[in-house]
Amino acid sequence: MKSMYYIDYLKDGLRDLLQSDLDVHLLGEDIAEPYGGAFKVTKGLSLEFPDRVLQTPMSEQAFTGMAVGMALAGMKPIVEIMFGDFSTLIADQIINHASKFVWLYKKPINIVIRVPMGGYRGYGATHSQSLERLFFGQPNILVIAPSVLNNPGRLLINSVYKGVPIIFVENKLDYARKLIEHTENYQDLKINTLGVFFPTTEVRIAGFDESELTIITYGGLTQLATELQWKFMVEEEIPIKLVCPSRISPIDEKALLEFTKNDKKILILEEGYAKFGWGSEVSMLMYQAGSGRNVRRIGAKSEVIGASQTLEEYVLPNTDNVDRIIREMVGSL
């Protein structure tokens with residue numbers, strides 16, 4: 001039976017890598033049986049590949065440093081950080097070491113760091129953040145963020161062979177979601193992509209060449225954007241276009257500009273903090289591309305994320321506040 005869910009595609013990608021390349025190793029806390037990782041992505045893989053699924057002590061800096069050494073020796077380690085919040089513990093190993101080894105030794109460094117990011121699950125202040133911004137703009141580091149529009153397993157395979165350190169951002173809510181081709185409304189969508197290894201995807205409602213608003217987003221908020229796209233079409237006949245890159249740093253400027261070249265109203269969504277964030281950089285790109293554009297951005301408030309649903313909704317973007325901004329921008333209030 002063909003996989004439908006994000007987590008299945010991701011696990012298939014890991015299995016394909018382990019089967020096809022003896023240099024691939026998985027490292028992380030509790031990734032072996034019986035646990036299979038905090039989100040069960042590696043469940044069963046240690047039984048199939050006992051010598052290459054390496055369970056580590058609880059020291060992110062130590063086992064990430066070990067993985068950097070493995071990559072220097074020609075192996076292809078894939079590191080799982082249990083929660084993306086703990087990326088703060090590996091910044092030195094990736095920013096000050098792995099990325100600079102690419103430049104220093106003039107050789108590929110094939111290392112992928114898988115980081116489950118995001119909130120909305122009530123995990124509290126140190127387990128609900130989106131901290132991929134720590135790695136934005138750093139030389140020789142790519143930040144890749146699959147969504148329900150992509151096959152995350154395929155993006156993972158492409159990441160392993162890129163030759164530079166890659167931060168692979170997996171939104172926690174996406175694990176249990178179906179990819180878009182398995183959803184009820186898929187046949188009513190027109191989907192275009194630019195880019196081969198890390199595509200940027202455009203989603204339109206079929207039959208509408210013009211849209212009243214374009215939403216640019218990535219990762220977990222893609223699901224929220226697709227739901228609002230359909231809601232506004234069905235309930236108010238307002239066509240909205242989505243543009244969702246899978247490579248979020250460095251920004252795929254060519255693809256974003258191509259998909260938005262005629263757009264006048266653009267809303268940028270991100271789950272990370274809005275101030276000094278990804279949306280700020282995309283906003284500047286949009287402004288530089290053409291005058292007369294109405295560009296707005298929504299991200300998390302600069303507040304600590306509490307554990308309750310009320311506190312999360314206060315800090316993080318949610319359906320209600322995105323809906324309100326869309327209405328303001330399209331003038332339908």
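**Salt bridges, cores and a surface patch**

Lysine 261 pairs up with glutamate 258 in a salt bridge, with 3.0 Å between the closest N and O atoms. This is a predicted model. Lysine 261 counts as exposed at 52% relative accessibility, and glutamate 258 as partly exposed at 40%. Elsewhere, Glu202, Arg204, Lys241 and Asp263 are joined into one network by salt bridges that share partners.

Within that network, the side chains of aspartate 263 and lysine 241 meet at 2.8 Å, N to O. This pair links distant parts of the chain, 22 residues apart: aspartate 263 sits in the loop between α7 and β12, and lysine 241 in strand β10. Aspartate 263 counts as buried because its relative accessibility is 12%, with the cut-off at under 20%. Lysine 241 is buried too, at just 2%.

Another salt bridge joins glutamate 33 to lysine 43, with the closest N and O atoms 3.1 Å apart. Both residues belong to the loop between β1 and α2. Glutamate 33 is partly exposed at 24%, as is lysine 43 at 32%. The salt-bridge count comes to 17.

Turning to nonpolar residues, the largest core holds 74 of them, and Leu26, Ile113, Ile167, Ile216 and Trp278 touch the most other members. Helix α1 supplies the largest share of this core, 7 residues. Apart from it lies another core of 25 residues, including Ile205 and Met329. Isoleucine 167 has contacts that include Ile94, Phe135 and Val143.

On the surface, Trp103, Leu104 and Tyr105 make a nonpolar patch of about 380 Å². Tyrosine 105 lies in helix α4 and is partly exposed, at 46%.

Terms used
Residues numbered from 1 in each chain as written. Predicted model: local features only at pLDDT ≥ 70, side-chain atom pairs only at ≥ 80, totals over all residues. Heavy atoms only, no water. Patch = residues over 30% accessible without salt bridge, like charges linked within 9 Å, V, L, I, M, F, W, Y side chains within 5 Å. Areas by Shrake-Rupley, 256 points an atom, 1.4 Å probe, with all protein chains shown as cover. Salt bridge = Lys/Arg side-chain N within 4 Å of Asp/Glu carboxyl O. Helix = DSSP H or I, 4+ residues; strand = E, 2+ residues; numbered from the N terminus. Buried < 20%, exposed > 50% of the residue type's maximum accessible area, 1.4 Å probe, protein only. Core = buried A, V, L, I, M, F, W, Y, C linked by side-chain atoms within 4.5 Å. Contact = heavy atoms within 4.5 Å. Lists of a residue's contacts leave out its neighbours within four places in sequence.
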